[in-house]
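This briefing concerns side-chain packing and charge pairing in a single model. Please consult the sequence and the structure shown below while reading.

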Amino acid sequence: MRKGEQTRAAILDVALELASRNGLEGLTIGLLADRMNMSKSGVFAHFGSREDLQMEVLKLYHHRFEQEVFFPSVKEPRGLPRLESMFARWVKRVSVEIASGCIYISGAVEYDDRPGPIRESLVSMVRAWQGALLRAVQQSVDSGALQPGTDPDQLVYEMYGLILALHHDARFLRSPGALERANRGFARLIENYRNPVQSN
C-alpha cells in the first residue's frame, strides 16, 4: 500500500478499537487524532466527515466478521455442519469481544430509534448475517438433519437470544461460565429441533 493508504488503514484500526469500546457515537475526530498523534485536519484528510468515518469503521467491522465467521463456515458441508460452525465461530468472536464490545450489539442500542445511513447500513449487515443463518437452517431441514416442521425464523431467533445472553452475562455481569452456558444452550436447541428419524 502507498503511504496514504497505510495511514488510512492505521486510522481505521484505531477507530474500530475506539468504537468497539465507546460505541460508534463515542467515536470522535478529536479522540482519534489524539490516539494517532495527528492533527484533526490530518484525520479529516482521509475522511470527509465524522459520519464517513463511522461508516468506514462499520464496513471494516463487517468485513472482519465475515472473514472470521461467515467465510470459514461456508467451507463446511451444507446443512447442520455449516450451521454448527457458524454458531461456534460466532461464539468465539463474541468471547474475544468481551473485553472490547460488539459493534452489532452496541450499534443496535445506539441506533434503534435513530434513522439515517449508519442505522440503515447496520441493519443491512445484521440482516445479511441473519439471512445466512436462515439459509443454513433451511439446508439442515432439507438434508433431513432437522425436523421437517422446523421454523427457520424461530430457530435463528433463539440462536440470537443465546448470543445476546452471552454478551450480557460475560461483558456486563462478568459471570463465569457464560461461554459454556451458551454452548450448552445451542446443543440443547439443536437437539430439540433434530430429526429423530435421521438420528435413529
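**Side-chain interactions in the model**

R194 and E191 form a salt bridge in which the closest N and O atoms are 3.3 Å apart. R194 is partly exposed, its relative accessible area being 25%. The model is a predicted one, and the points below are grouped by topic.

**Salt bridges**

- The count of salt bridges comes to 10.
- Side chains of opposite charge can pair when their charged atoms come close.
- A salt bridge joins the side chains of E25 and R114, with an N to O distance of 2.9 Å. This pair links distant parts of the chain, since E25 belongs to the loop between α1 and α2 and R114 to the loop between α6 and α7, 89 residues apart.
- E25 is partly exposed at a relative accessible area of 30%, and R114 also counts as partly exposed, at 36% relative accessibility.
- R2 meets E5 in a salt bridge with an N to O distance of 3.4 Å. R2 counts as exposed because its relative accessibility is 63%, above the cut-off of 50%, whereas E5, at 35%, counts as partly exposed.
- R8, E56 and K59 are joined into one network by salt bridges that share partners.

**Charges over rings**

- R114 has a further role in this list: its charged end sits over the ring of Y111, 5.5 Å from the ring centre.
- R93 lies over the face of Y61, with a distance of 4.8 Å from the ring centre.

**Aromatic pairs**

- The structure holds eight aromatic pairs.
- In one of these, the ring centres of Y61 and Y104 are 4.9 Å apart and the planes stand at 85 degrees, so the pair is edge-to-face. Because Y61 lies in helix α4 and Y104 in helix α6, the pair ties together parts that are 43 residues apart in sequence.
- Y61 counts as buried at 2% relative accessibility, and Y104 counts as buried at 8%; the cut-off for buried is under 20%.
- For F87 and F186, the ring centres are 4.1 Å apart and the planes are at 10 degrees, so this pair is stacked. The pair links distant parts of the chain, with F87 in helix α5 and F186 in helix α9, 99 residues apart.
- F87 and F186 are both buried.
- One aromatic cluster is formed by Y61, F65, F87, W90, Y104, W129, Y160 and F186.

**Nonpolar core**

- In soluble globular proteins, nonpolar side chains tend to be buried together.
- The largest nonpolar core has 62 residues, of which L32, L53, V57, L83, W90, W129 and L133 touch the most other members.
- Two or more residues of this core come from each of α1 (3–22), α2 (29–36), α4 (50–73), α5 (80–97), α6 (103–110), α7 (117–142), α8 (152–172) and α9 (178–193). The largest share, 10 residues, is given by α7.
- L53 touches L12, A15, L27, I29, L32 and F47, when residues up to four places away in sequence are not counted.
- W90 and W129 appear both among the core residues that touch the most other members and in the aromatic cluster.

Definitions and conventions
Residues are numbered from 1 along each chain as its sequence is written. This is a predicted model: local features need pLDDT of at least 70, side-chain atom pairs count only at pLDDT 80 or more; totals for chains, interfaces and linings use all residues. Side-chain values use heavy atoms; hydrogens and water are left out. A nonpolar core is a set of buried Ala, Val, Leu, Ile, Met, Phe, Trp, Tyr and Cys residues joined through side-chain atoms within 4.5 Å. Buried means under 20% relative accessible area, exposed over 50%, partly exposed in between (1.4 Å probe, protein chains only). Helices (H or I, at least four residues) and strands (E, at least two) are DSSP runs, numbered from the N terminus. Contact means heavy atoms within 4.5 Å. Rings of Phe, Tyr and Trp (its six-membered ring) pair if their centres lie within 6.5 Å; planes under 30 degrees apart count as stacked, over 60 as edge-to-face and the rest as tilted. A charge sits over a ring if NZ of Lys or CZ of Arg is within 6 Å of the ring centre and within 35 degrees of the ring normal. A salt bridge is a side-chain nitrogen of Lys or Arg within 4 Å of a carboxyl oxygen of Asp or Glu.
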